[in-house]
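Here are my notes from going through this one. Have the viewer open while you read, as I hop around the fold a bit.

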Amino acid sequence: MTSIAANMQAVIDRISRACAAAGRDPGAVALLAVTKTWPVAALREAAAAGQCAFGENYVQEALAKIDALRPLGLAWHFIGPLQANKTRAVAENFAWVHSVDRLKIAERLAAQRPAGMAPLDVCVEVNVSGEASKSGVGPGEAAALCRAVAALPNLRLRGLMAIPEPAPDADPKSAVARRRFAQLRELRDELNGGGLDMDTLSMGMSHDLEAAVMEGATIVRVGTAIFGERVKT
Ligand SMILES: *Cc1c(COP(=O)(O)O)cnc(C)c1O
């Protein structure tokens with residue numbers, strides 16, 4: 001087994017154990033392999049080990065990989081900050097966008113999604129820990145944005161995404177981390193109670209996926225635990 005395959009198995013085992021601890025079906029949690037900065041060869045290894053959903057943060061970098069790996073039929077998720085001048089490339093090449101944080105971006109994605117493609121699955125990114133520096137709408141603004149997104153053509157509002165600040169302790173089951181993920185779940189449930197129909201919670205990364213799974217994550221986004229530490233450029 002390659003180290004990427006072994007690391008993937010270790011992550012899948014972590015997800016399974018967290019599901020067991022929470023009484024959840026492991027089939028209800030999808031693993032998104034986050035591949036920013038990693039070369040096509042690393043993605044090929046993960047794909048050979050059975051991974052079919054990949055998350056990318058930078059449009060230009062992603063397009064090259066999507067092109068190189070097209071015969072594999074992978075599913076591409078855009079998870080980074082999205083600028084208005086990059087929406088067309090995302091609408092034409094991705095299956096999901098996790099990081100919708102303003103209506104203008106959603107409107108552009110809706111207008112630019114090609115007619116022959118399935119609707120683009122989207123999550124609204126919510127800033128649950130409230131830091132000024134992070135992207136995402138505040139919890140109080142999420143309802144209005146979600147309703148507006150749900151009304152757009154060519155998009156399917158699937159749920160909410162969050163990147164909470166790391167908990168102060170390094171414990172992947174940290175109570176602080178769990179509290180922030182629980183806030184996202186409670187917000188999703190509240191919005192669904194108000195008439196929306198969101199089935200997705202995109203939350204949990206390498207250092208805190210257990211806490212996220214225990215609080216109801218349906219997609220965990222994992223890079224470092226599969227591919228190793230990214231070199232900062
Ligand atoms: C990089 C990134 C991840 C993966 O983080 P790791 O700590 O490497 O697992 C997940 N989500 C988003 C939005 C990211 O940018």
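1. A word on terms before the sheet: two strands count as paired here if DSSP finds at least two bridges between them. Keep in mind, too, that this is a predicted model. With that in hand, look at strand β2 (residues 53-56) and strand β3 (residues 75-78): they run parallel and are joined by four bridges. If you want one pair to click on, Gly-55 has His-77 as its bridge partner in β3.

2. Now follow the chain between those two strands. Helix α3 (residues 59-68) goes with β2 and β3 to make a β-α-β unit, and the unit is right-handed. The next step also uses a helix: from β3 the chain passes through helix α4 (residues 87-93) to β4, again as a β-α-β crossover, and this crossover is right-handed. β3 and β4 are themselves paired, in the parallel sense, over two bridges. His-77 turns up again here, with Trp-96 as its bridge partner in β4.

3. Val-97 deserves a stop. This residue sits in strand β4 (residues 96-100). Is Val-97 buried or exposed? Its relative accessibility is 0%, so Val-97 counts as buried. Leaving out neighbours within four places in sequence, the contacts of Val-97 are Phe-78, Leu-82, Val-90, Leu-109, Leu-120, Asp-121, Val-122 and Cys-123. For a distance to check, the C-alpha atoms of Val-97 and Gly-55 are 9.3 Å apart, with their positions 42 residues apart along the chain.

4. One of those Val-97 contacts, Leu-109, leads on to helix α5 (residues 103-112). In this helix Leu-109 is buried, along with Ile-105, Ala-106, Ala-110 and Gln-112. What do the buried residues of α5 pack against? They pack against α4, β4, β5 (120-125), α6 and β6.

5. Two loop residues to look at if you check backbone angles. Thr-37, in the loop between β1 (30-34) and α2 (40-48), has phi near 75°, a positive value in a residue other than glycine. Asn-154 also has a positive phi, near 70°, and is likewise not a glycine; its place is in the loop between α6 (139-150) and β6 (155-161). As for exposure, Thr-37 has a relative accessible area of 40% and is therefore partly exposed. Asn-154 comes out at 38% relative accessibility, so this residue counts as partly exposed too.

6. On to empty space, for anyone thinking of docking boxes. The largest pocket has a volume of about 620 Å³. Its lining takes in 23 residues, and Lys-36, Asn-57, Tyr-58, Met-205 and Arg-230 are the closest to the pocket centre. How does the lining of the largest pocket divide by class? There are nine nonpolar, eight polar and six charged residues.

7. Last, the closed space. How many cavities of 30 Å³ or more does the structure hold? The count is one. The largest cavity has about 40 Å³ of space in it. Around the largest cavity you'll find Glu-125, Val-126, Asn-127, Val-128, Ser-129, Lys-134, Ser-135 and Ile-163 as the lining. By class, this lining has three nonpolar, three polar and two charged residues.

Definitions and conventions. Residues numbered from 1 in each chain as written. Predicted model: local features only at pLDDT ≥ 70, side-chain atom pairs only at ≥ 80, totals over all residues. Heavy atoms only, no water. Buried < 20%, exposed > 50% of the residue type's maximum accessible area, 1.4 Å probe, protein only. Contact = heavy atoms within 4.5 Å. 1 Å grid on protein atoms, 1.4 Å probe; cavity = no way out; pocket = protein on both sides within 12 Å on 5 of 7 lines; lining within 4 Å. Points joined across faces, edges and corners; volume = space filled by probe spheres on them. Nonpolar A, V, L, I, M, F, W, Y, C, P; charged D, E, K, R; others polar. Right-handed = clockwise from strand over helix to strand, strands pointing away.
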